[in-house]
Amino acid sequence: MMHLSDVLRAEKLFADEESKKIFSIRLDYLLGKNHFSFIDDVPRDSYVCREFQEYYKRHEGEKIIVYGAGDCGVYNAKALKLCGYEVEAFCDSDDRLWGAEINNIPVISLTELDECKENMVVVISSTNYAHIGQMYTRLLERQIARERIFCSAYRMLFAERGHQYFDFFQPLEHEVFVDGGVLDGNTSVEFTKWTNGKYDKIYMFEANRRNESQILNTMKKNNIQNYELILQGLSDKSGRVPFDDSMEGGSRIISRGSSEIEVTSIDETIRGDVSFIKMDIEGAESAALAGAEQTIKRCKPRLAISVYHKSDDFVSIPLLLLKTNPQYQFALRHYTASANETVLYAW
């Protein structure tokens, strides 16, 4: 359980204004703000929704209608605005909303939607997969062309800013990078670009063995050298633990389950120098950092650690690291318009 004293101690660790603001936003979220409200407080500059941007290239200048005026729709409209797109209207099947405005955007009916269907794109907005299917079917039944219907793979639009993990530090000579949570290998590719190819080694830890071929293809395609792929999860010690691999990017260690994976620790696996550790391992960061205690004491690496998977990670993880290395300084940066992708930097 997190105590007020822990919050106050952690808060004092962040000296710059952006870190203080992000700490405050995450604290509000921890105390009860919902996932959709996070967008109201995030920094306001330089967002891009790459998924929608790529789609909209084929529909440049056409009206954007957000289908669904609930929390997800309101969030998506705000995310689109952050990314430089104006929403023409919400569309909703609830007749109580017709003719009203939400954030100065009118709400129209499906019948009214028919009037502009030759010059529009419709952004389906719901977090419920069953509802998404129903909404998609309704649009097709009204002869709205498939190419005019957009639904994010994430359900909520994934508006991004900055260069996550690599916009806070400058590369050093002879970097040795630990990529904790590899997924498809692209973060390690970004590391090689960040260093302009001048690094000594990459250690890549990936718990989900299903990703092996994709990772190897990514590394081959980008001609990445001097890396070691370790198909184990990261924790505080070696062993086998239950694992949920049902979501590709959200695969995670769980308390119980029918599937298991092998885990190891950084201290047990890496004997040489380490200069930079990145972790995005779906809530296992605290255990993995405990398993890197000796490496952190020995090498004092710079760290980029995801602190959003568990609601109090932004408090507990810097306090944990301070015990390991009392000389660490800390900063927070946030990279999306939603509650995801807050990174703790330590150096």
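What follows is a short back-and-forth about a predicted model and how its values lead to the labels used for it.

User: Let's start wide. What makes the protein as compact as a globular protein of that length?

Analyst: First the make-up: the protein has 12 helices and 17 strands. Its radius of gyration comes out at 22 Å, close to the 20 Å that the globule rule gives for 347 residues, so the protein is as compact as a globular protein of that length. The C-alpha trace spans about 65 × 45 × 45 Å along its principal axes.

User: How many of the residues count as buried, and what share of the contacts joins residues at least 24 apart?

Analyst: 51% of the 347 residues count as buried. Take the contacts between residues at least 6 apart in sequence: 70% of them join residues at least 24 apart. As for the surface, about 17000 Å² is exposed, and carbon and sulfur atoms supply 46% of that.

User: Why is the aromatic pair of Y165 and F166 called edge-to-face?

Analyst: The structure holds 29 aromatic pairs. In this one the ring centres are 6.3 Å apart and the planes make an angle of 80°. Pairing needs centres within 6.5 Å and edge-to-face needs planes over 60 degrees apart, so both tests are passed.

User: How do you know that Y165 and F166 are buried?

Analyst: Buried means under 20% relative accessible area. Y165 has 7% and F166 has 5%, so both fall under the cut-off.

User: Which aromatic cluster do they belong to, and what lies over the face of Y165?

Analyst: One aromatic cluster takes in Y165, F166, F168, F169, F177, F191, W194, Y199, F276, Y345 and W347. Over the face of Y165 lies K278, 5.4 Å from the ring centre. F276, also in that cluster, has the charged end of R302 over its ring, at 5.4 Å from the centre. The distance part of the test asks for within 6 Å of the ring centre, so 5.4 Å meets it.

User: R302 makes me think of S275. What makes S275 buried, and what does it touch?

Analyst: S275 sits in the loop between α9 (266-269) and β14 (276-279). Its relative accessibility is 15%, which is under 20%, so S275 counts as buried. Apart from residues up to four places away in sequence, S275 touches H174, E175, V176, P301 and R302. Its side chain also reaches the backbone nitrogen of V176 at 2.8 Å.

User: Why is the 2.6 Å between the side chains of E62 and R148 called a polar contact?

Analyst: A polar contact needs a pair of N or O atoms within 3.5 Å, so 2.6 Å between the side chains of E62 and R148 fits the distance limit. E62 lies in the loop between α3 and β1 (63-67). At 16% relative accessibility, E62 counts as buried. Setting aside neighbours within four places in sequence, its contacts are Y56, N119, M120, V121 and R148.

User: Is N34 buried, exposed or partly exposed, and how do you know?

Analyst: Partly exposed: N34 has 38% relative accessibility, and that label covers values between 20% and 50%. N34 is found in the loop between α2 (17-30) and α3 (50-56). N34 and A339 are 305 residues apart in sequence, yet their C-alpha atoms are 9.0 Å apart in space.

User: What about E206, and where does its side chain point its polar atoms?

Analyst: E206 lies in the loop between β8 (199-205) and α8 (212-221). Its 8% relative accessibility is under 20%, so E206 counts as buried. A polar atom of its side chain lies 2.7 Å from the backbone nitrogen of L183, and one lies 3.0 Å from the backbone nitrogen of N208. Beyond neighbours within four places, its contacts include G181, L183, I215 and L231.

User: What is notable about phi in L183 and E341?

Analyst: L183 has phi near 60°, a positive value in a residue other than glycine. L183 sits in the loop between β7 (175-180) and α7 (186-194) and is partly exposed at 31%. E341 isn't a glycine, but its phi is positive too, at about 75°. E341 is in the loop between β16 (330-334) and β17 (342-346), and its 11% makes it buried.

Note on methods
Residues numbered from 1 in each chain as written. Heavy atoms only, no water. Phe/Tyr/Trp six-rings, centres within 6.5 Å; stacked < 30°, edge-to-face > 60°. Buried < 20%, exposed > 50% of the residue type's maximum accessible area, 1.4 Å probe, protein only. Lys NZ or Arg CZ within 6 Å of the ring centre and 35° of its normal. Helix = DSSP H or I, 4+ residues; strand = E, 2+ residues; numbered from the N terminus. Polar contact = N/O pair within 3.5 Å; in protein donor to acceptor, adjacent residues only side chain to side chain. Contact = heavy atoms within 4.5 Å. Rg over C-alpha atoms; globule rule 2.2 N^0.38 Å. Areas by Shrake-Rupley, 256 points an atom, 1.4 Å probe, with all protein chains shown as cover.
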